[in-house]
Amino acid sequence: MGILLRNGLIVTQNPDRDVFHGDVLIENDRIIQVKPQIHADGHQIFDMNGKAVIPGFIQSHVHLCQTLFRNLADDLELLDWLENRIWPFEMAHNSESLRTSAQLGLAELLLGGTTSILDMGNGKFQDEIFSQMKQSGIRGYSGKVLMDTGNQPYKETTREAIDSTEKLIKKWHGPADDRIHYALAPRFVPSCSPELWEGVKSLAGNYELIIHTHSSENRKELQLVKEMTGQSNVEFFVKNEMASPKLCLAHCIWVSEDEVKMMSETGINVLHCPSANLKLGSGIAPVPRFLQNGINVSLGADGAACNNSLDMFTEMRLAALIQKPEAGVTSTSAQMIFDLATLGGARALGLDKITGSLEPGKKADLAVLDLNKVHCIPADNIYSQIVYSARNTDVQHTMVDGKWVVFDRELKNFPYEEIVKNTWEQVQKLFERAK
């Protein structure tokens, strides 16, 4: 038995950006038809009257391991924040606390209409993150975070880092009907030796993997990279033959015109995280300049430790607003930002053939919004309504692979009350271990 979503406002994100009142027919994990009216017998019918049906959001940069650190590492600059709070907390994780952190983050993401993620994992117990992603029903990529040099706590040897990563790749690249995948996760240039980068490059080539890392987020970080390598971040990736559409760089705030040209020519993806960039005082990424140069840009909330939420609605609104004082009020339209939250993320993850829009043949990854709320009406433009007015609590249902993972604001694969209870228990134990 398939599923028929009837009478919704369908925001397709197809090449023509069609928006119309109509139906979506789903069979198994795929969208079969998207039309003003569909006649189909023997299907389970859900009435979407008064609701908007949209492609699920794709968050291209998150840290599930940091969700348990929410509200615990505020008002610090990036490198101090990492060295004094985040890295010690990550090191203090055990399997139970990491499981709870992943569940907490995944619950928030799914309840907010996010259906796909690119996660940067933890240095230990990475299996827990993958297991919880699989159970949650989300579509996602993750990978063990890699650091073998610099002022950081893991102190793993290069060989250990590469060998343990390859074992995880063989286990987690493609399970759950190809819903879960591995992405290599070297943290950033200052924390990885040249030998580790060579290992990352080799694994990426052998297994055709995404490389997911941080780049040009902070002025001090940028100076450190130049002192270590004699190059800027983007130059480093180009010179070391890692620059390609498989390279996903989070932040990219402090980039030169030459670097923008390199990014455009090589197909590097930008993962834009406006809330985290503002909260850490890092700066504002030149998103309009990236888009004008044909660079793919996507959105992510980063981590709850540097953002305090994993809410795509907040990221969309900020992404639209922060550019306007400098680049002009027309530099970022609501439709453009909605594109980043859906199609931009799909392209960054290499998923644009299967998700990011509501079209026949694509995966049934979608969210249903109730926008008939006092904070959303009146409206005559659905993109403005979603980007400027809507909230994550307006998400009524979320579907991944043709299965409801949230229905009527209820998580289907996770026990909500148990997550809340475990969060308070595990954070206290984490504090004790981090002392």
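# Exercises on salt bridges, pockets and a surface patch

At 23% relative accessibility, Lys201 counts as partly exposed in this structure, which is a predicted model. The exercises below begin with this residue and its partners.

**Exercise 1.** Find which side chains form salt bridges with Lys201, and state where each partner lies.

*Solution.* Step one is to look within the helix that holds Lys201: Glu198 and Lys201 both belong to helix α6, which covers residues 194-207, and they are 3 residues apart, about one turn of the helix. The closest N and O atoms of this pair are 3.5 Å apart, and the two residues form a salt bridge. Step two is to look further along the chain, where the side chain of Glu241 also meets that of Lys201 in a salt bridge, at 3.9 Å from N to O. This second pair links distant parts of the chain, since Glu241 sits in the loop between α8 (233-239) and β12 (247-251), 40 residues apart from Lys201 in helix α6. Step three is to classify the partners: Glu198, with a relative accessible area of 40%, is partly exposed, whereas Glu241, at 65%, counts as exposed because exposed means over 50%.

**Exercise 2.** Decide whether Glu128 and Arg99, which form a salt bridge, are buried, partly exposed or exposed.

*Solution.* Begin with the contact itself, in which the closest N and O atoms of Glu128 and Arg99 are 2.9 Å apart. Next, place the two residues: Glu128 is in helix α3 (residues 126-136) and Arg99 is in helix α2, so that the pair, 29 residues apart, links distant parts of the chain. Then apply the cut-off: Glu128 has a relative accessible area of 15% and is therefore buried, as this lies under 20%. Arg99, at 29% relative accessibility, counts as partly exposed. As a last step, set this pair in its wider setting, where the count comes to 21 salt bridges.

**Exercise 3.** Describe the largest pocket by its volume, its central residues and the elements that line it.

*Solution.* First, the volume of the largest pocket is about 440 Å³. Of the 19 residues in its lining, those closest to the centre are Thr67, Arg70, Leu104, Glu108 and Thr423. The elements that contribute two or more residues to this lining are α2 (95-111) and α17 (416-434), and the largest share, 7 residues, comes from α17. Finally, sorting the lining by class gives 11 nonpolar, 5 polar and 3 charged residues.

**Exercise 4.** Describe the largest cavity by its volume and its lining.

*Solution.* Start with the count: the structure holds 1 cavity of 30 Å³ or more. The volume of the largest cavity is about 120 Å³. Its lining consists of 14 residues, with Leu78, Trp81, Leu82, His214 and Glu217 nearest the centre. Helix α1, which spans residues 78-92, gives the largest share of this lining, namely 3 residues. By class, the lining of the cavity has 6 nonpolar, 4 polar and 4 charged residues.

**Exercise 5.** Which residues make the nonpolar surface patch of about 360 Å², and how accessible is Tyr416?

*Solution.* The patch is made by Tyr416, Val420 and Trp424. Taking Tyr416 next, one finds this residue in helix α17, the element that also gives the largest share of the lining of the largest pocket. With a relative accessible area of 46%, Tyr416 is partly exposed.

Notes
Residues numbered from 1 in each chain as written. Predicted model: local features only at pLDDT ≥ 70, side-chain atom pairs only at ≥ 80, totals over all residues. Heavy atoms only, no water. 1 Å grid on protein atoms, 1.4 Å probe; cavity = no way out; pocket = protein on both sides within 12 Å on 5 of 7 lines; lining within 4 Å. Points joined across faces, edges and corners; volume = space filled by probe spheres on them. Helix = DSSP H or I, 4+ residues; strand = E, 2+ residues; numbered from the N terminus. Nonpolar A, V, L, I, M, F, W, Y, C, P; charged D, E, K, R; others polar. Salt bridge = Lys/Arg side-chain N within 4 Å of Asp/Glu carboxyl O. Buried < 20%, exposed > 50% of the residue type's maximum accessible area, 1.4 Å probe, protein only. Patch = residues over 30% accessible without salt bridge, like charges linked within 9 Å, V, L, I, M, F, W, Y side chains within 5 Å. Areas by Shrake-Rupley, 256 points an atom, 1.4 Å probe, with all protein chains shown as cover.
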